[in-house]
Amino acid sequence: MKEDSITNEEFSRYSRQIFIEEIGVDGQRKIKNAKVLVVGAGGLGSPVIQYLAASGVGTIGIADFDRVELHNLNRQVIHTESNVGKLKTESAIAFVSALNSSVKFITINEKIGPENIQSIFQDYDLIVDGSDNFITRYLVNDTCIALDKTLVYGSIFGFEGHIAVFNYKGSKNLRNIFPEPPNQDDVPDCDKNGVLGPLPGIVGTMMAMQTLKIITDLPVTTNQLTIVDTLNWNFFKIGF
């Protein structure tokens, strides 16, 4: 049996995906062989990890050096009370192992910086950025450009979320819409201004959907930022 073949058990498990004409067995095989790195196991990373694992992505890497705190639990749904104080990657492993034991899980328990980011990114097919600060977001973006990696981008604040696909088949990147990061001191964040729990679930799930579409070679809109306004229930698309 070929290493990348779909077993009877896998067919049964993922049948509701395989039955979709646009996915099929070939698409599930691509999902099984995919290697995806998720930057951050917090609000956005949690639903991304959850749905990529449930869908059968073969290798999921998670880069996060934080520990689970009580205030994380309103939105970071893969973590539980019993994991408060543990590394988020350790908590994520427990979740993924219980959900889908066939997933190969790789943890990077260190802060991503200029000195280590290329070595961390190089072995993955695509990158999903669920980080919570602009310094990391721009570093991730620029490294994806340097290594020619596709980037699925998301950010949240309050009631609003942003989603985009960067550097996919020659498409534009974060700097094409926001050339320079804002002054960090001028940027509101969730720690000071809050976020309603379901918002990262909505945005992170959309990021997971885009990731699976890329893996299975389905059409993906590029050079476009989707803005999700959950307070007024409006969805905007901005081309760039």
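Two strands are counted as paired if DSSP finds at least two bridges between them. With that criterion in hand, the tour of this predicted model can begin inside its sheet.

Select strand β4, residues 126-129, together with strand β5, residues 150-157: the two run parallel and are joined by 4 bridges. To locate the register, display Ile-127, whose bridge partner in β5 is Leu-151.

Next, extend the selection to the whole sheet. It is open and has 8 strands in the order β3-β2-β1-β4-β5-β6-β7-β8, with mixed pairing. Move to the edges, where β3 (104-108) and β8 (234-239) are found; each has a single partner strand, so one side of each is left without a neighbour in the sheet. Looking across the strands, one finds neighbours turned by 15° against each other on average, direction ignored.

Now add the helices. Helix α7, residues 134-147, lies across β1 (35-39), β4, β5 and β6 (160-166), and runs at about 165° to β5.

Then select helix α5, residues 88-99, which packs on the sheet and touches β2 (59-63) and β3; the direction of α5 makes about 170° with that of β3. The 12 residues of α5 reach 16 Å from the first C-alpha to the last, close to the 16 Å expected at 1.5 Å a residue.

Which residues of α5 are buried? Show the side chains of Lys-88, Thr-89, Ser-91, Ala-92 and Val-96. Turn the view down the axis of α5: its buried residues fall within an arc of 155°, so they line one face of the helix. Finally, display α4 (45-55), β2 and β3, against which these buried residues pack.

Methods. Residues numbered from 1 in each chain as written. Predicted model: local features only at pLDDT ≥ 70, side-chain atom pairs only at ≥ 80, totals over all residues. Heavy atoms only, no water. Axes fitted to C-alpha atoms, helices over the stretch in contact; angles between N-to-C directions. Contact = heavy atoms within 4.5 Å. Expected span 1.5 Å × (residues − 1). Buried < 20%, exposed > 50% of the residue type's maximum accessible area, 1.4 Å probe, protein only. Arc of directions from axis to C-beta.
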